[in-house]
Amino acid sequence: MKKCLLASAIAAISTNAFALSGTVVDLDGNPVPNARIEVVGSKTVASSDANGAFNVDEGSSHEIHVTAAGFSHEVLHLDEGVPANLTVRLRRSAIEQVDVIGLPIHASAIESAQPITVLSGEELRNSQAATLGDTLENEVGVHTSFHGNVASTPIIRGLSGPRVLVTQNSLDVSDVSRVGPDHAVSSEVSTAEQVEVLRGPATLFYGSGAIGGVVNVVDKRVPTDSDTYGEYFVSHETVNDQDLASVNLNTGVDKFAVHLDGFWRESDNYKTPVAPDNEPGEDHSHDALEVANSDDESNGYTLGSSFLLDNGYVGISVGKLNRQYGIPGHAHDHGEEEGAAAEPESPERVYADLEQDRYQLISEIQLDNKWLSAINTRIGYTDYTHSEIENGEPSTTFNNKTTEFKLDVMHQPVAHWKGGVVLQYKSSDAQASGEEAFTPPSDSDSLGLAIVEERHFNNLLVQLGARVEQVNVSADEVRLPALEFHVHEEGEHEEEEHEHDGSDVLFAEDLTFNPVSLSAGLVWEFTPGYNAAIAISHAERAPSAAELFSFGAHMGTRSYEVGALFELHDEGEEGHFDVSGADPELETSNNIDLTFRKHEGDFGVILNAFYNQVDNYYYQTATGFFAEGEHEHEHDAGDGDDEAEEEHEHGGELPVYAFTMKDAELYGFEAQGIWQVTPAFKATVFSDYVHAQLADSHTYIPRTPPMRFGTRFEYQVGNVQSQIGWSHYSNQDDVAPMETSTEGYDWVDASINWTLPLASTDLTVFLKVDNLTDTEARVHTSFLKDLAPKPGRNFRLGLRGTF
């Protein structure tokens with residue numbers, strides 16, 4: 001972070017209040033219009049006019065942030081007084097620099113020791129998809145768990161599930177997406193303002209569930225000002241006949257602000273460039289077919305209001321989300337024509353019915369106090385229900401009720417150290433009932449206390465943090481079925497019955513963990529426009545209820561899952577599980593990140609290298625045993641394989657996967673180069689890679705993303721902006737036992753936007769083409785890679801307006 005200490009030409013002020021005026025210019029002395037001048041720790045914000053001039057009527061903090069599109073941030077420290085007329089000189093930057101909202105201490109992505117990616121503005125709108133993971137899949141270090149176009153979660157550096165936390169305005173989204181890949185994330189991107197990705201452990205700010213990273217979706221549901229502005233968006237896509245409409249509105253009167261947003265989406269089954277059931281490498285000359293049960297219908301709205309204070313705001317919001325989406329690979333087989341999809345309203349259709357009610361209270365209060373500078377409060381309550389509907393009736397229902405409280409108490413600088421204390425409490429009551437309730441009802445409670453501090457030593461920024469936490473995971477009725485599992489014998493597909501030995505065992509379990517996390521980071525601006533950073537962290541994670549208590553068929557992963565609380569007794573061709581005598585351990589990550597950035601000038605570079613040693617890594621390992629399915633599920637729609645169909649009919653076999661603990665290591669890199677060749681032409685190159693394996697046996701961790709590299713070109717003439725991008729996904733041959741390799745592919749997309757100023761509204765007409773070459777693309781990180789390849793060529797046409 002650039003630190004510029006300005007000596008005052010006037011006598012030092014005796015109070016904290018001040019007025020400030022000045023001019024924002026570039027290094028050649030040309031005025032920079034529309035620059036944002038923000039007084040940190042207050043609501044005071046000003047903009048520069050066409051001549052670069054600005055006026056700050058009243059401020060209380062002596063830290064000023066100046067930002068403008070196409071320029072590096074300038075941070076001014078007026079500790080020795082306020083000049084009569086300030087000239088701020090900004091340096092050009094090819095890298096877009098956006099503030100990170102999900103951190104208690106102000107930072108941009110360029111100023112943090114931890115690698116952070118922020119997706120906002122036009123870039124976010126061009127990337128948005130129906131699911132969060134698919135929206136972020138083109139960001140460096142981030143992949144998607146792609147589940148047939150209807151569900152996906154972000155995979156950060158090879159980690160996902162309970163290790164990657166998804167939040168909305170820094171509060172847990174509180175769905176069940178971390179339990180199974182067929183469960184959608186209950187966060188809508190079309191109404192979001194920006195999406196922030198914290199790569200690497202973020203446990204200091206979010207708790208042990210963020211040991212692999214955080215994705216924070218930021219919106220304006222609790223408004224911070226009473227200005228009137230808004231955005232609307234409508235689009236149509238051809239690959240699945242998707243129609244989308246969304247709107248964001250903000251207004252208010254004097255001290256009261258009101259926000260309203262909403263969206264509606266409807267789509268049919270999506271088409272692929274190859275029959276979904278074909279094995280990779282087969283003849284794909286016939287017409288593309290649909291992926292059955294990949295349709296979607298969703299809508300939601302949020303209403304929020306705030307009372308605006310001179311030193312902050314207090315606001316509340318109420319949100320409603322409804323979604324019904326098909327579950328690919330989960331449909332019953334009732335003799336439909338091969339490859340055909342069930343009618344949307346037919347009783348054979350298997351789909352998820354998701355409902356969520358979300359309430360939030362958010363306040364940010366800036367203080368002119370001897371000891372405290374700010375108190376920020378976030379309170380959330382979420383009531384979530386997810387039902388899987390089969391034959392017109394709920395077969396399995398997941399419920400999750402979560403209450404969360406987060407308090408940031410920031411202190412005034414002490415010996416030039418800036419920071420504060422973060423107090424966080426979260427309680428979740430999760431229940432599952434029905435045919436595929438593979439986890440028992442459970443309660444998870446956590447209480448955490450963190451300290452975060454930073455200080456500048458000339459051109460060196462030091463960031464320190466520590467967090468202690470208590471996590472309690474309990475369940476009253478943990479189930480140990482009296483089952484015998486058997487080895488699958490090749491060529492035999494007769495139905496077999498479970499062998500029972502006595503009765504099922506039900507017992508209560510109450511586990512308490514005490515994770516401790518430590519972090520230290522340095523950002524060294526060794527010359528103007530360049531910095532190098534190192535971040536070292538020790539993070540601990542308590543295992544989730546699903547990792548501990550699971551015992552049953554999970555059709556989302558097409559497996560029979562057994563939690564770490566149980567121990568396998570291998571008896572040759574048969575086996576059974578008992579309660580393990582060993583206590584579950586904390587998962588411990590020791591992570592180091594090295595970063596180099598060139599962030600000024602027409603050419604920018606961001607290079608990250610990381611190494612993550614994880615002790616007691618919880619993962620699912622193939623036991624070699626099989627269990628009988630409880631009811632019929634489609635294997636591969638219309639694959640014509642009679643033996644496979646018979647195997648997955650009523651009583652079909654499911655491979656048994658057990659959660660276990662092993663030490664693991666993950667390492668890799670992320671690289672970006674951005675060149676503003678001319679004012680109209682911009683080129684970007686990027687690459688990322690992660691290597692993930694168990695430390696003792698050197699066995700690869702399943703579904704690790706392949707190496708990826710690509711480029712993107714952007715060209716703008718007047719009000720017309722166009723871009724074309726190419727990404728190459730390499731072959732993934734580093735696979736776990738019983739996991740198949742995946743062929744690489746090339747993905748090409750292109751877009752063109754035409755912006756038309758209409759009175760006080762900017763109207764943009766856009767056309768985007770995904771998978772321009774109509775290539776067959778199978779996602780290695782997907783549980784359905786063979787059943788559900790990515791969509792074929794897709795044209796997206798729409799309108800986007802701001803006012």
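A nonpolar core is taken here as a set of buried Ala, Val, Leu, Ile, Met, Phe, Trp, Tyr and Cys residues joined through side-chain atoms within 4.5 Å. The structure analysed is a predicted model. The largest core of this kind holds 28 residues, and those touching the most other members are Phe485, Phe549, Tyr560, Phe566 and Phe577. Two or more residues each are contributed by strands β26 (460-480), β28 (505-513), β31 (551-554), β32 (559-562), β36 (603-628) and β37 (653-676), together with helix α4 (545-549). Strand β26 supplies the largest share, 5 residues. Separate from this core is another, made up of 19 residues, including Ala107, Ala202, Leu204 and Met410.

The surroundings of phenylalanine 549 were examined further. When residues up to four places away in sequence are not counted, Phe549 touches Phe438, Pro440, Val473, Ser474, Ala475, Val478, Glu509, Leu511, Gly563, Leu565 and Phe566. Phe566 thus appears in the contact list of Phe549, and both belong to the group that touches the most other core members.

On the surface, Val421, Leu423, Tyr425, Leu447, Leu449, Ile451, Val468, Val516 and Leu518 make a nonpolar patch of about 700 Å². The elements giving two or more residues to this patch are β24 (417-434), β25 (442-457) and β29 (516-527). Isoleucine 451, one of the patch residues, is located in strand β25. Its relative accessibility is 44%. Because buried residues have under 20% relative accessible area and exposed ones over 50%, isoleucine 451 counts as partly exposed.

Two buried positions were also considered. Valine 748 is part of strand β41 (residues 745-758), and it counts as buried because its relative accessibility is 12%. Tryptophan 726 is 22 residues away from valine 748 along the chain, yet the C-alpha atoms of the two are 4.5 Å apart. With neighbours within four places in sequence left aside, the contacts of valine 748 are Ile724, Gly725, Trp726, Val769, Asp770, Asn771, Leu772 and Thr773.

Serine 187 is not in a strand but in the loop between β13 (171-172) and β14 (194-199). With a relative accessible area of 8%, serine 187 is nonetheless buried, since the cut-off for burial is under 20%. Excluding neighbours within four places in sequence, serine 187 is in contact with Gln168, Val173 and Val217.

Terms used: Residues are numbered from 1 along each chain as its sequence is written. This is a predicted model: local features need pLDDT of at least 70, side-chain atom pairs count only at pLDDT 80 or more; totals for chains, interfaces and linings use all residues. Side-chain values use heavy atoms; hydrogens and water are left out. Patches are made of residues with over 30% relative accessible area and no salt bridge: like charges are joined within 9 Å, nonpolar side chains (Val, Leu, Ile, Met, Phe, Trp, Tyr) within 5 Å. Accessible areas come from the Shrake-Rupley method with a 1.4 Å probe; for residues, only the protein chains shown count as cover. A salt bridge is a side-chain nitrogen of Lys or Arg within 4 Å of a carboxyl oxygen of Asp or Glu. Helices (H or I, at least four residues) and strands (E, at least two) are DSSP runs, numbered from the N terminus. Buried means under 20% relative accessible area, exposed over 50%, partly exposed in between (1.4 Å probe, protein chains only). Contact means heavy atoms within 4.5 Å.
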